[in-house]
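Reader: I have a structure to study and should like some help in reading it. Could we go through it together?

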Amino acid sequence: MGSITLENVRKSFGSADIIQGASLEIEDGSFVVFVGPSGCGKTTLLRLIAGLEDVTSGQIRIDGADVTDVPPAKRGLSMVFQSYALYPHMSVRGNIAFGLKMAGMPKGEIDRKVEGAASILNLTPYLERKPRDLSGGQRQRVAIGRAIVREPKAFLFDEPLSNLDAALRVQMRQEVTRLQKQLATTAVYVTHDQVEAMTMADRIVVLNAGRIEQYGSPLELYEHPANLFVAGFIGSPKMNLIGREVAGQFGAATIGVRPEHITVARDGEGWEGTVGVAEHLGSDTFIYVDVPQVGTLTARTVGELGIRVGERVRLRPDQRRIHRFDTEGRALAA
Amino acid sequence: MATQQTRTLGRVLIAPAVALLFVWMIVPLAMTIYFSLQYKNLLNPGEESFAGLDNFTYFLTDPAFITALINTLVLVGSVLLITIVLGTFVALLMNMPIYGRNIVRLMVIAPFFVMPTVSALVWKNLLMHPVSGLFAWLMSSVGLEPIDWFTNYPMLAVILIVAWQWLPFASLILLTALQSLDEEQKEAAEMDGAGAVSKFIYLTLPHLARPITVVILIETIFLLTVFAEIFVTTGGGPGLQTTNLAFLIYQAALLQFDVGSASAGGLVAVVIANILAFFLVRIVGRNLEA
């Protein structure tokens, strides 16, 4: 069990409103990712759920019970910190066992649980080591071990993978996702990396300047961004946003076309422009084209087209996948 | 890292300083060793002669030596205990976000700036004086008999004065250590259900192990040579009750004018200081860092 409900939660530090009224329903067993640019309040929101910060107003409920004023330890949540926050003077065993020891569990049971968690995370050979003798990935696993051993109602992750190198991050990403599915425990995960968000989440919360911009499944956000911010934030390379007359032709203030939904050809229909930059990744090519009256558009093509800088090309957007936005930046119905 | 050239240059540049420090240290040491092997009394100038180890025998077999040694250890041990236990407590309090924290910190540090002679005088005449002291007034105002500190509890009085002087040092070092304790670790412990006491025992205390070792080491070095406080307040008495090694050496040199014996005592004190420092660091280091 572990459903979390936020009801109009606000958080201010002095006169600065960090969270401006967040309402959210996190279902039991789901993997929810908070994503947004730096300073959008995603970590603060997570800390409010954890109880490490006091809410200014609003209510937080876990399994229906109001926990707004309940101290962190009593909320039945466990957290994985960005710095891992392992206790440096304790062995791996001591670190994982600490929460259980504080709960006054008998020693035999603690050992059994610690060893169980260690074997899930492949930490058994390292149980007697100190954190400083472990690699980054191992420390990360100890931090996760410390979280799972308490069998919490939900895991809270605060950018846990940001200190790992790229290859390890991909591997840990899969491990965390698999572990979460295996334990079927609710997880709330904070990241600024939209790739992490898209790959790990059942549902994503996009935050911007203390507001929830959209809450939905990764594909929903990709296919139906609710506003310009989400449209620009989700997807890589970024969605092309085109205003002025071109958008007017589609009956919108702004239209958006994803680079992968633009077909590049040397002739035929579409916007004509000059290739400014071409990035050849082997599998894909990103082409940045200067189109008069429209601006610089990014197009993504699969494989190699042999297009060179300075060539004149035609860009043809997929008509069914054009996103339209009104003057306020909200999405218009298709 | 460094090339051969920069290493050589570094050595050449640092050589004068090292040479100066070496001379600075070796000359007094050599002179002390020389005098400790001589019969030399300032009352009988011109009658110096080689004494062998007689001065050491004389100093070490003097019944006052054992008393002074015990007094020294009691003084050092008690002050260390008081300053570290109380210092940890004060540091914890100063680390809390309270209004006017900077002023509180300044006031806590203040005793460290008062020179030992002055603080001893203040304690002797304004605080612990059996007739005009503040403590005496406090005691008599609640109907109790004032305590004559320097007559009845001379050692305790000296310990209190010295501990008062060194408490700021311990507090300050421990406070800076507390400030470097990782916030996220504290929060992790909080999430793990650790209360204030558990957090202190399992997180703060192990974190303070190193700075505590540093405090013990530095304080020991200075506490072994406490002199002004004793000189000003009790003059080593009553009897030998507050005579420590430093004061005993002073007596030999400047009350009996026996330079040879005082030099021998000085060397003995150096050896004892080293032994003590060595064991203290080991014991404390092992116990707290485990």
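Author: The answers below take up chain B, the contact between the chains, and the nonpolar cores.

Author: This is a predicted model, in which local features need pLDDT of at least 70, side-chain atom pairs count only at pLDDT 80 or more, and totals for chains, interfaces and linings use all residues. Residues are numbered from 1 along each chain as its sequence is written, while chains are lettered from A and ligands numbered from 1 in the order in which they are written.

Reader: What is the mean pLDDT of chain B?

Author: The mean is 84, and 97% of the residues of chain B reach 70 or more; pLDDT is the predictor's confidence in each residue, from 0 to 100. The model scores ipTM 0.80 and pTM 0.77.

Reader: How many helices and strands does chain B have?

Author: Chain B has 13 helices and two strands, where helices (H or I, at least four residues) and strands (E, at least two) are DSSP runs numbered from the N terminus. The C-alpha trace of chain B spans about 75 × 75 × 30 Å along its principal axes.

Reader: Where does UniProt place the "transmembrane region" feature in chain B?

Author: The unreviewed UniProt entry gives several spans, including residues 64–91 and 103–121 of chain B. UniProt positions follow the numbering used here, feature names are shortened, and annotations may be inferred rather than shown by experiment. In the model, residues 64–91 of chain B are 100% helix, with end C-alpha atoms 39 Å apart. Residues 103–121 of chain B are 68% helix, and their end C-alpha atoms lie 26 Å apart.

Reader: Changing topic, how many residues does each chain give to the contact?

Author: Chain A gives 15 residues and chain B gives 14; two residues are in contact if their C-beta atoms, placed from the backbone, lie within 7 Å. On the side of chain A that touches chain B, α2(A) gives the most, with three residues.

Reader: And which residues touch the most other members of the largest nonpolar core?

Author: They are Val33(A), Phe34(A), Ile49(A), Leu156(A), Val188(A) and Val205(A), in a core of 95 residues. A nonpolar core is a set of buried Ala, Val, Leu, Ile, Met, Phe, Trp, Tyr and Cys residues joined through C-beta atoms within 7 Å. A residue is buried if 20 or more other C-beta atoms lie within 10 Å of its own, exposed if 12 or fewer, and partly exposed in between, with C-beta atoms placed from the backbone.

Reader: Why does this core lie between domain 1 and domain 2 of chain A?

Author: Domain 1 (4–231) and domain 2 (241–325) of chain A both give residues to this core, so it lies between them. The domain bounds come from an automatic or database domain assignment.
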